[in-house]
Amino acid sequence: MRIVISGFGTVGQGFAEVLSLRSDLLNAGGGVRIVAVFDSKSYAVDENGLDPIMLIERKNATGSVGTEKLSSGIEVLDSVGYDVLVEVSPTNIENGGDGLKNIEHALRNGKDVITVNKGPLALKFKELNKLAEKNNAILRFEGSVGGAMPIINLCSENLKGEKITSIRGIFNGTCNFILSRMDGGLPFEQALKEAQQLGYAESDPTYDIEGIDTACKVVILANSVFRRNVRFSDVSITGITSVSEDAIALAADQNMVIRLIGEVSDTVLEVSPRLIPKGHPLSISGTLNTAKILTDLAGPITISGKGAGRKETASAILSDLIAIMDRRR
Ligand code: HSE
């Protein structure tokens, strides 16, 4: 399985590291190798396989993953034979950015794609899936919602026989961290700074605090789990910038916390700060993500896990990669 990695920030590096950690498993499936990688400035190509650890070291030492200057990702994709594009460049919710172009290009050429890039999925979910279908390509995106928390594949594979009536959850670690720190009396700005230092926040943290990141995830769940045909602009979004310290103190007086909740069902598509009783599964603190899935036969199922992080998000990509290897075998 020949892989191209597009984007070599936290997630791209985490995936390279995980590939090297799981080399035995992957070699057993006929061998996985990274034949090309690019970031915003540079690229490296080697049909025989690039050493993942060397790539991480070079990125850390020079700020670039490759030695060649990048003119476009599509040129790199056209220059090398590959089977799977792992697209992990930063989210762009305005127009999907280069990430969207690279995904479309790969699918158009019948290549399988794994992405955690929320912009392209939130803007063009249906189009990308149609493109994949038309070209007999597989598009998987487990890590785009909830990071290591396996919500998409759980709903669409393990819970296949269920009628899922709603999903409510915490899908943004940065907001949850900020709100939890505010529960302890820390001002918003300071809590945001701490969250950024933890490396959870998006490149543009307004995506987190204005609810945009959660809205992207709600759209992805609506389209993939509920088979709806919605876009980012259909979501009713309120972020956490309007949550005052007074509101948090008032909630605490009533034994409640305020959490940013994303909700999706056949009719609901909403992101808003809500009052949650302390002790409720959705009252969790810190950077964890959690989701309460209501089903008709199995009843409520609650899951939680690390919503972001280097190896954590890479674990979701790895599960998608193994699923693709199984299907292609
Ligand atoms: N910025 C996101 C978060 C990262 O804070 O949860 C994962 O999508």
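## Around the ligand

The ligand is surrounded by Lys 118, Asn 172, Gly 173, Thr 174, Tyr 200, Ala 201, Glu 202, Asp 208, Asp 213, Lys 217, Gly 307 and Ala 308; a residue counts here if one of its heavy atoms lies within 4 Å. This is a predicted model, where local features need pLDDT of at least 70 and side-chain atom pairs need 80 or more, while totals for chains, interfaces and linings use all residues. Numbering starts at 1 along each chain, and side-chain values use heavy atoms, without hydrogens and water.

This shell holds 3 nonpolar, 4 polar and 5 charged residues; Gly counts as polar and Tyr as nonpolar. Helix 8 (173-183) and helix 11 (212-224) each supply at least two shell residues. Helices are DSSP runs of H or I, at least four residues long, and strands are runs of E, at least two long.

## Polar contacts

A polar contact is a pair of N or O atoms within 3.5 Å. The side chain of Lys 118 has an N or O atom 2.7 Å from a ligand oxygen. For Lys 217, a side-chain N or O atom lies 2.8 Å from a ligand oxygen. Tyr 200 uses a polar backbone atom, 2.8 Å from a ligand nitrogen. Alone, the ligand exposes 260 Å², and the protein buries 92% of that (Shrake-Rupley method, 1.4 Å probe).

## Strand 8

Strand 8 covers residues 164-170, and 5 of its 7 residues are buried (under 20% relative accessible area, 1.4 Å probe, protein chains only).

Strand 8 runs antiparallel to strand 12 (residues 288-295), with 6 bridges. Strand 8 also pairs antiparallel with strand 10 (residues 256-265), over 4 bridges. Pairing requires at least two DSSP bridges. Gly 169 has Ala 291 as its bridge partner in strand 12 and Gly 262 in strand 10.

Definitions and conventions
A polar contact is a pair of N or O atoms within 3.5 Å; within protein, one must be able to donate a hydrogen and the other to accept it, and residues adjacent in sequence count only if both atoms are side-chain atoms. Buried means under 20% relative accessible area, exposed over 50%, partly exposed in between (1.4 Å probe, protein chains only).
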